[in-house]
Structures are given as C-alpha cells and as structure tokens.
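Morning, everyone. Please have a look at the structure on the screen, and I will walk through its links and its interior.

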Amino acid sequence: MFLFILSITISSNEGFLKTGEDPLTICSAGHALHVFVNGQLAGTSYGALSSPKLTFSQRIKLLRANKLAILSTAVGLPDAGVHYETWNTGVLGPATLNGVNSGAWDMSKWKWSYKIGTKGEAMSLHTTTGSSSVEWTEGSFVAVKQPLTWYKSSFNAPVGNEPLALDMNTMGKGQVWVNGHNIGRQWPAYTAHGNCGRCNYAGIYNEKKCLSNCGQSSQRWYHVPRSWLKPSGNLLVVFEEWGGDPSGISVVKRTNK
C-alpha cells in the first residue's frame with residue numbers, strides 16, 4: 001500500500017475556480033486506487049482479475065490551495081513465472097488535471113512525496129499493546145461506511161470443536177487480525193459477476209458456463225484457527241479500506257449437513 005501526496009496551488013485567474021469542478025485522470029497498472037482531495041475521499045477505482053489496469057477519471061472540486069493524495073493498493077504480487085520481474089503494478093501515470101486555462105496539466109513529473117503502509121500499522125494497532133495505546137470511539141460514534149478506518153472488538157470462543165470463521169459480509173475490503181494473527185485480506189465487496197441464467201453443460205466446458213451466485217461476495221467467510229483463540233477476551237482488529245459496517249461481523253461455526 002503506497003500513499004502518494006501532492007500539493008497543488010491554483011492561480012486565482014483559473015476559470016474553473018468560478019465554473020466548478022475540474023476533471024482528474026490517473027492511470028494505474030492495478031489493482032485498486034483511492035483518491036483524496038483535501039482530506040476527503042473523491043472516488044475509488046479498481047481493476048478486474050482479467051485486466052488489473054485501471055483509470056480513475058472523475059471531476060473533483062479544487063480550491064486555491066489543495067492537497068491531492070492517491071492511495072494505491074496491490075492485491076498480491078507475482079513471485080514466479082516468465083519475466084515476472086517486468087510485470088507492472090501501481091500508479092505509473094500519467095496523472096492529468098484537465099480544464100485549466102492552458103488545457104491540461106500533466107502532474108506526473110511534479111514533486112510528489114510518498115508513504116508506505118498506514119500509521120495504524122506502524123503503531124501495531126492489531127496487537128494488544130498497540131490497540132491499548134490509542135483511544136477508540138464506541139457506540140453510536142463508531143464510523144460506518146467510512147474508508148480507511150480501524151475497528152476493534154473482542155469475542156469469546158464458541159464452545160465445541162467445529163471449525164470457525166468470521167462472517168465479513170457487511171465489510172468492504174481490508175485486513176483482519178485475531179489476537180495479533182493476520183487471517184489475511186478480506187474483500188467481500190468484490191462480487192461475483194457474469195451470466196447466472198439457466199445451466200446447460202452441453203458442448204465444451206469453460207469457466208463462464210453454469211455460473212451461480214452472481215452479485216454475491218466472492219468470499220464471505222474467513223477461517224479462524226481455534227488454536228489462536230482463548231476461551232474469552234479474544235482481540236479482533238479490522239482495517240477497513242473501502243468502508244463497511246462492523247456491527248454485521250460475526251463468528252460462525254461450520255456444521256455438516
């Protein structure tokens with residue numbers, strides 16, 4: 001996860017300051033992109049499995065003095081294959097601001113600053129010690145559907161020996177930790193799509209035939225090893241990248257039917 005930051009100063013004679021918003025275009029090789037203007041989320045774009053490249057193109061509201069922040073995330077990087085070291089990921093540019101008096105600004109060669117990771121990671125908020133070092137909001141003050149938000153809760157281990165999982169269906173995309181252990185990336189907002197009509201197996205089979213569960217999360221349940229759990233007081237920490245509702249998270253058992 002990389003955060004690219006750029007300060008933009010707009011001259012008072014730029015016409016779009018009077019007419020409204022200005023089109024911003026950013027090209028990336030994948031896999032997801034969040035754009036913030038003056039601390040507010042302006043929009044999100046992400047690529048597909050078959051074509052991770054993406055283009056963020058949206059009108060943004062600028063003032064005389066502005067701060068543009070681009071959060072670029074990658075969903076796994078290759079570590080094998082032919083010439084895998086040449087495969088591109090992340091913001092490659094250009095980053096263009098259109099609608100200015102001169103036509104367009106290519107901001108790719110401007111002076112950018114960048115950060116790797118998040119402040120919460122540096123503070124180890126996913127651990128007992130780190131999570132105790134900050135103040136958390138509770139109850140009605142807990143942010144819902146807000147990007148780049150950390151959530152903390154605790155739960156007791158369900159009785160029995162059945163395999164356990166976290167139901168993350170109300171969340172968007174991010175990371176999950178249980179008692180300091182990272183259970184992996186959660187991305188319920190990435191939904192299955194295609195043609196889920198009537199199924200006919202006749203002919204040559206391919207991956208697009210007989211699809212089901214269109215519109216549902218590509219993965220909803222995330223396994224939690226029982227060996228990581230205590231009988232009570234287990235720490236659950238979620239970093240939500242897109243925005244979700246943590247009140248819908250639950251621990252479920254897998255039962256044999």
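I'll start with the cysteines. Cys 196 and Cys 214 form a disulfide, with 1.8 Å between their sulfur atoms. Keep in mind that this is a predicted model, and that the distance is computed from it. The torsion about this S-S bond is about 85 degrees, so the disulfide of Cys 196 and Cys 214 is right-handed. Both cysteines sit in the loop between strand S13 (181–186) and strand S14 (221–224), 18 residues apart.

Is Cys 196 buried or exposed? Neither: its relative accessible area is 32%, so Cys 196 is partly exposed. Cys 214 is also partly exposed, because its relative accessibility is 28%, and buried would mean under 20%.

The count is 2 disulfides. In the other pair, Cys 199 bonds to Cys 210, again with the sulfur atoms 1.8 Å apart. That link is right-handed too, with 80 degrees about the S-S bond. Cys 199 and Cys 210 are 11 residues apart, and both lie in the loop between S13 and S14. Cys 199 has 44% relative accessibility and counts as partly exposed; Cys 210, at 24%, counts as partly exposed as well. Counting bonded cysteines along the chain, the pattern is 1-4, 2-3.

Next, the charged pairs. How many salt bridges does a search of the whole structure find? It finds 4. As background, side chains of opposite charge can pair when their charged atoms come close.

Glu 162 is a good place to begin, in the loop between strand S10 (149–155) and strand S11 (164–167). It forms a salt bridge with Arg 226, where the closest N and O atoms are 4.0 Å apart. Arg 226 is in the loop between S14 and strand S15 (234–240), 64 residues away from Glu 162. Glu 162 also meets Lys 253 in a salt bridge, at 3.8 Å from N to O. Lys 253 lies in strand S16 (residues 250–253), so this pair ties together parts that are 91 residues apart in sequence. Glu 162, Arg 226 and Lys 253 are thus linked in a network of salt bridges. How exposed are they? Glu 162 is partly exposed at 30%, Arg 226 at 25% and Lys 253 at 36%.

Another salt bridge joins Asp 167 to Arg 220, and here the closest N and O atoms are 2.9 Å apart. Asp 167 is in strand S11, while Arg 220 is in the loop between S13 and S14, 53 residues apart. Asp 167 is buried, because its relative accessible area is 8% and the cut-off for buried is under 20%. Arg 220 is partly exposed, at 31%.

Last, the interior. In soluble globular proteins, nonpolar side chains tend to be buried together. Here the largest nonpolar core has 21 residues, and those with the most contacts inside it are Leu 24, Ile 26, Leu 68, Leu 97 and Met 107. Several strands each supply at least two residues of this core, including strand S1 (2–9), strand S2 (22–28) and strand S7 (91–100). Apart from it lies another core, of 15 residues, among them Met 168, Val 176, Val 238 and Ile 249.

What does Leu 24 touch, leaving out residues up to four places away in sequence? Among its contacts are Val 35, Phe 56, Ile 60, Leu 68, Leu 97 and Met 107. Ser 57, Gln 58 and Thr 96 are on that list too.

That's it from me; I'll take questions.

Terms used:
Residues numbered from 1 in each chain as written. Predicted model: local features only at pLDDT ≥ 70, side-chain atom pairs only at ≥ 80, totals over all residues. Heavy atoms only, no water. Core = buried A, V, L, I, M, F, W, Y, C linked by side-chain atoms within 4.5 Å. Buried < 20%, exposed > 50% of the residue type's maximum accessible area, 1.4 Å probe, protein only. Helix = DSSP H or I, 4+ residues; strand = E, 2+ residues; numbered from the N terminus. Contact = heavy atoms within 4.5 Å. Disulfide = S-S within 2.5 Å. Salt bridge = Lys/Arg side-chain N within 4 Å of Asp/Glu carboxyl O.
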